[in-house]
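Student: I have a new structure to look at. Can you walk me through it?
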Amino acid sequence: MRVHETKEPRSAQLWLAAVMIVLSILCITVWDREGPNGPLHSIRSGVQALSTPLARVGNFLTSPIRQWTAEVNVGNISQEDARTLYRQNEELRQQVLVLEERLLQFQNLEKLMEAQQNADYNGVSARVIGIPANAWDQVITINKGSNADFEVSMPVVGPQGLLGQIIEVGPNFSKVRLTTDRRSGVACMLQRTRTPGIATGSLSGTLTLEFVANEVEVEPGDVVITSGLGGIYPEGLKVGEVLDAITGISSLYQTIRVTPSNDPRVVEEVMVLTNTTPFVETAEIGSL
């Protein structure tokens, strides 16, 4: 009896397997021969349409588990791999810093070339290698001199406009007196009203626009440019913008403070205008 009971289930299993194989072969044959609109294709599309929402729900429910598994795998990174990733990250950071610095240098040089073109003069770029030591002596040093055909009195512009004038030249350096120096004086005018004046430096780091009559309308933000008078600076270079203006009570002229176009503390590159007419000052503004 026991032998008979063992053989009967095995026979049933074999018959079931044979039937499944035959059905599989029939389904494959029908699938290959029927068109995209056949019954098996339609059944498959219907099953996919029904199972898609269930798959989305399952993906949402298992997302925390998969995220936890990923974090566990990250935590299993070896120390050597971690050091490699850290080193590569630092290298990428350095490359980004180098590219950003080159971009800033290019943008500054582009502004210098634009200022030089606006002045319609030839220009030679130079780098600042010395900054003012104190408020009394607003002089910077640049890294080119007579070897680059620089001469005393040549105008110097920064990225935002006029910066100063060469007062001393060596073989491979030049000293530039800034417009903010108290001994400096620039023939200029208010761009909006075309009113002329003289911009002088001060210990505070701002400029003072002198000899502008009380009746002239002056507003904060008015642009001050070089007038070209006197033959020292070419016309049209930006000198600065009006900070405020006070009408003189016992004077014919206003007291006008001007913010210089360049901040000498952050200027790194300058442009020297080389084909201007040399002009040597016979007297300093501070001594008049």
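Tutor: First a term: accessible areas come from the Shrake-Rupley method with a 1.4 Å probe, and for residues only the protein chains shown count as cover. This is a predicted model, where local features need pLDDT of at least 70, side-chain atom pairs count only at pLDDT 80 or more, and totals for chains, interfaces and linings use all residues. Residues are numbered from 1 along each chain as its sequence is written, and side-chain values use heavy atoms, with hydrogens and water left out.

Student: OK, how much area does the protein expose?

Tutor: About 18900 Å², with carbon and sulfur atoms supplying 58% of it.

Student: And what share of the residues is buried?

Tutor: Of the 288 residues, 29% count as buried, meaning under 20% relative accessible area; exposed is over 50%, and partly exposed lies in between.

Student: Where does Leu 26 sit?

Tutor: Leu 26 is in helix H1, residues 2-33. It counts as partly exposed because its relative accessibility is 47%.

Student: Switching to strands. Which ones close into a barrel?

Tutor: Six strands do, in the order S1-S2-S5-S4-S3-S12, with antiparallel pairing. Neighbouring strands of this sheet are turned by 45° against each other on average, direction ignored. Those angles are between axes, lines fitted to C-alpha atoms (for helices over the stretch in contact), and run from 0 to 180 degrees between N-to-C directions.

Student: How many bridges join S4 and S5?

Tutor: Five, between S4 (residues 161-169) and S5 (residues 174-178). Two strands pair if DSSP finds at least two bridges between them. Glu 168 has Lys 175 in S5 as its bridge partner.

Technical notes. Buried < 20%, exposed > 50% of the residue type's maximum accessible area, 1.4 Å probe, protein only. Helix = DSSP H or I, 4+ residues; strand = E, 2+ residues; numbered from the N terminus.
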